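Me: I would like to work through the model shown below, one feature at a time. Please end each reply on the value or name requested.

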Amino acid sequence: MNYHDEYQQSIEQPEVFWRKQAEQIKWYEFPETILSQDEHGFYRWFAGGKLNTSYLALDVHIEEGRGDQLALVYDSPVANMQQKFTYAELRDTVAKFAGCLRNLGVEKGDRVIIYMPMVAEAVIAMLACARLGAVHSVVFGGFAPNELAVRIDDAKPKVLVTGSCGIEFTKIIEYKPLVDKALEVSKFPPENIVVLQRPQAKATMQSGRDHDWNELMSQASPADPVSLDATDPLYILYTSGTTGLPKGVVRDNGGHAVALKYSMKAVYNTDPGDVYWAGSDVGWVVGHSYIVYAPLLHGCTTIVYEGKPVRTPDAGAFWRMIAEHKINTFFTAPTAFRAVKKEDPEAKLLKQYDISSLRTLFLAGERLDPPTYEWLTEILKEAPQPGIPVVDHWWQTETGWAICSNPMGIEPQPVKNGSPTFPMPGYNVQVLDEVGEICKPGETGNIVINLPLPPGCLPTLWNDDERFKQSYLSQYPGYYLTGDEGIKDEDGYIFVMGRTDDVINVAGHRLSTGEMEDLIAGHPAVAECAVTGIDDELRGQVPVGFVVLKDGIDILRIKCRKN
Ligand code: AMP
């Protein structure tokens, strides 16, 4: 089928289209209904279907004879370490860790916070939760105790899983003191903490509350996957909203599995057995969808990289990874390549590596700015296999997979520099003006998506249906508001230009100026403050804070104390 026919069918006959996609995964019970509405009037996909995401990501492949294929490769230039897991090994380890969680009282529906560095155990912990039907909430390891505490209090987890430290270039960042601090200020601290002790730093343990990962593993027996409803939550992922409080984006099990499996072919043109690398962090949505779930649901090998684009050890890090692990599909943020370009503008380091395995390069997280696009297409022209496509695709935490992309696995389309091309099947994208009229081609407006959103997108916000309605559904009834502005041109190409709210994008990560204002306002010397984003060549935007100090506060004294 060509792209336009596939897209039209997804919009005109969504139930026919998504039933076909749902048949691509192995359900315990195939859903009775494809699309329905719940008691709040929110759309739900595949209600009544029964499945388990961990089973689909692991056991299915073993049953289909893929048990000896590599499922996960962990590569850490900062810890100087690599680990490889076949599907059979990963399934056994996940089942064992699910047994550990079960021994700590974790059951279906309980929440587990995962605050981990980029190690294989972070993925293992996520899949172990999915196996039990527990709802994980991964908090990015770079967040400070206060941010962690806010998320703990919203999710009210039974267990928190952490590591003794993260490693940033050569710096060891001890996580456990940060966790202890968060637990101290939290109103709903979990009863049990699991700590992965890493050799670089040993965490101090509180007896009775804190448990050593390896000790638990040595005592646990494996847990089987639990049958879940398609509409049961798989995870909560907090993302910045316009207020100080982050939004808990909920992802269900059924729609998520169907949509991500579909995207692996339609967007990324990958097949089972391919090596797929998303150079991101499990703390972000790209990590959830494309380090953990999608590649494993599709039977690919996924990569967990604990390093940076540069200085670990140099700007050839990406090329080294692609050559060493024979990566077929690579996905990262434009900011990562801007960092590489700054240190190695002529891409001299690329010439040291054989990247002939690479078929396509995908970018998202922020707009792929035309200079970075041009630089990448230019340097990849000289790679061993000339003309590796460079694909910009646009999505957000809420959607979980690409809203717009060049549909590489359906029918690649001509590229327009600065545009993530066309809406993916399932997304009916419109650009509306202030009064809700559809903008003329080329006119800037609010980018919205007709309801229902396709499977995989958020059904609501954790414990906050009202905020879900207010934030996304109320401005234009019948549409989902993306919070982005842009244009649709005369050929239907979408151009995404930036946010319409108080969210800024720093190095591909979404930060709320409101949340930062709350933090600064918490300083005893500050009377008033405002945070805004300013342009930055490398990171897209950086936050700048303006403060009014309280009367009688001496600026010099504050500076000295901070130093
Ligand atoms: P996040 O939820 O953290 O993934 O951030 C999503 C936001 O990042 C989107 O709403 C956009 O503002 C921006 N974004 C992500 N990918 C792109 C892209 N390819 N082009 C333009 N903006 C993007």
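Me: Which residue of β28 is the bridge partner of V506?

Reply: In this predicted model, strand β27 (residues 503-506) and strand β28 (residues 509-512) pair in the antiparallel sense over four bridges. Helices (H or I, at least four residues) and strands (E, at least two) are DSSP runs numbered from the N terminus, and two strands pair if DSSP finds at least two bridges between them. Within this pairing, the bridge partner that β28 offers to V506 is H509.

Me: At what pLDDT do side-chain atom pairs count?

Reply: Residues are numbered from 1 along each chain as its sequence is written, and side-chain values use heavy atoms, with hydrogens and water left out. In this predicted model, totals for chains, interfaces and linings use all residues, whereas local features need pLDDT of at least 70, and side-chain atom pairs count only at pLDDT 80 or more.

Me: What is phi of A507 in the turn between β27 and β28?

Reply: Most residues other than glycine have a negative phi, and most peptide bonds are trans. β27 and β28 form a hairpin with two residues between them. A507 lies in that turn, and its phi is positive, about 50°.

Me: Where does N269, with its positive phi, lie?

Reply: N269 is a residue other than glycine, yet its phi is near 55°. Its place is the loop between α9 and β16 (275-278).

Me: Which proline follows T312 through a cis peptide bond, and which follows L451?

Reply: The bond after T312 has omega near 0°, and its proline lies in the loop between β17 (301-305) and α11 (317-325). The bond after L451 has omega of about 0°, and its proline is placed in the loop between β24 (445-450) and α14 (465-473). The two residues are P313 and P452.

Me: Why are α3 and α10 oblique to each other?

Reply: The axes of helix α3 (residues 53-63) and helix α10 (residues 285-297) come within 8 Å; axes are lines fitted to C-alpha atoms, for helices over the stretch in contact, and angles run from 0 to 180 degrees between N-to-C directions. Angles under 35 degrees count as roughly parallel, over 145 as roughly antiparallel, 65 to 115 as roughly perpendicular and the rest as oblique. α3 and α10 are therefore oblique, as their axes cross at roughly 50°.

Me: How many nonpolar, polar and charged residues make up the contact of α3 with α10?

Reply: Contact means heavy atoms within 4.5 Å, and T53, L56, A57 and H61 in α3 meet Y293, L296 and L297 in α10. Ala, Val, Leu, Ile, Met, Phe, Trp, Tyr, Cys and Pro count as nonpolar, Asp, Glu, Lys and Arg as charged, and the others, Gly among them, as polar. The contact of α3 with α10 thus divides into five nonpolar, two polar and no charged.

Me: Is the crossing of α6 and α7 left-handed or right-handed?

Reply: The axes of helix α6 (residues 145-155) and helix α7 (residues 176-185) come within 8 Å and cross at roughly 50°, which makes the two helices oblique. A crossing is left-handed if the near helix is turned anticlockwise from the far one by less than a right angle, and right-handed if clockwise. The crossing of α6 and α7 is right-handed.

Me: What angle separates the ring planes of Y262 and W401?

Reply: The structure holds 38 aromatic pairs; rings of Phe, Tyr and Trp (its six-membered ring) pair if their centres lie within 6.5 Å, and planes under 30 degrees apart count as stacked, over 60 as edge-to-face and the rest as tilted. Y262 and W401 form an edge-to-face pair, 6.2 Å centre to centre. This pair links Y262 in helix α9 (residues 254-266) to W401 in the loop between β20 (390-392) and β21 (404-405), 139 residues apart. The angle between the planes is 85°.

Me: Which are the edge strands of the seven-stranded open sheet?

Reply: The sheet has mixed pairing and the order β5-β4-β17-β16-β18-β19-β20. Each edge strand pairs on one side only, and these strands are β5 (81-86) and β20.

Me: Which residue of β20 stands opposite F362?

Reply: Strand β19 (residues 360-363) runs parallel to β20, and three bridges join them. Opposite F362 in β20 stands V391.
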